[in-house]
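Please look over the sequence and the model together before reading on. The exchange below takes up points that a computational chemist might raise.

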Amino acid sequence: MKKLLLLLTLVGILALSGCLEPDLPEVEELPEAEVTEEGEDLSEDTVIVEEEGEVEVPDDVVVEDDPVEEVEVDDSLLVEEEAAAEEQVEEAAQEEEVEAETEVVTPAVRTFDVTAEQWTFTPSTIKVNEGDTVVINVTSNDVDHGFKITEFGVDAYLKPGITTTVQFVADQKGTFSFFCSVSCGLGHANMSGTLIVE
Ligand SMILES: [Cu+2]
């Protein structure tokens, strides 16, 4: 009986072990796989959640980035200020150049031939530089006219066909009017031109 029991137990053990051995790994593998997959899924989910959480954190950081961007805007403003400063420097340099040119041109004698006739001067605009000695040969083609520049003390009486020369130093900058100072007809009041001293 004992041998039978032993045999039965052995057979039972073998049978159980034989049955359990193939079952157990399957049972173990599947749950393990599932568990691992689920675990991975869960871990991925948790990672995603963590990433989402991290994304939310960058949102806060983005709020912190706004001041940084404002700082960048300030940098651009600084750049603009630098550009403006450079422009000012360039303008100053240009002004210096203009002043230098003016200083160089100052001793120049500028001569113009102007024709007067009812009721215009030709050319009607004369441009010189400050300090220039201006010589204007004025000739009337028709009737008596005058040629006056109040600011420079010029006032000439023009006889038809006779060239009259006026001369003055353009010692002040500005836009001035030269005009007819002798009554010459209907358009006399509007008979004028422009002297520009730069
Ligand atoms: Cu006139």
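The questions and answers that follow go from confidence to fold, core and single residues.

Reader: How far does the average pLDDT of the protein go, and over which residues is the pLDDT below 50?

Author: This is a predicted model, in which local features need pLDDT of at least 70 and side-chain atom pairs count only at pLDDT 80 or more, while totals for chains, interfaces and linings use all residues. Residues are numbered from 1 along each chain as its sequence is written. With pLDDT being the predictor's confidence in each residue, from 0 to 100, the protein averages 71, and 46% of the residues score at least 70. Beyond near neighbours in sequence, the stretch with pLDDT below 50 has zero contacts in the model (a contact being two C-beta atoms, placed from the backbone, within 7 Å), and this stretch covers residues 4-71.

Reader: Why should such a stretch not be read in detail?

Author: The predicted coordinates should not be read in detail there because of one property of the prediction. That property is low pLDDT.

Reader: What pattern does the protein follow along the sequence?

Author: Helices (H or I, at least four residues) and strands (E, at least two) are taken as DSSP runs, numbered from the N terminus. On that basis the protein has one helix and nine strands, and read along the sequence the pattern is α-β-β-β-β-β-β-β-β-β.

Reader: Which element gives the largest share of the largest nonpolar core?

Author: A nonpolar core is a set of buried Ala, Val, Leu, Ile, Met, Phe, Trp, Tyr and Cys residues joined through C-beta atoms within 7 Å, and the largest one here has 18 residues, with A116, V138 and F147 having the most contacts inside it. Two or more residues come from each of β1 (109-117), β4 (133-140), β5 (145-149) and β9 (192-197). The largest share, three residues, is from β4.

Reader: Is F112 buried, partly exposed or exposed, and why?

Author: A residue is buried if 20 or more other C-beta atoms lie within 10 Å of its own, exposed if 12 or fewer, and partly exposed in between, with C-beta atoms placed from the backbone. F112 is found in strand β1 and touches I126 and I136, not counting residues up to four places away in sequence. Because F112 has 15 C-beta neighbours inside 10 Å, this residue counts as partly exposed.

Reader: Which residue takes a positive phi in the hairpin of β5 and β6?

Author: Strands pair if DSSP finds at least two bridges between them, and β5 pairs with β6 (residues 154-158) in the antiparallel sense over five bridges. K148 stands opposite D155 in β6. Four residues lie between the strands of this hairpin, and the residue with a positive phi, near 65 degrees, is G153.
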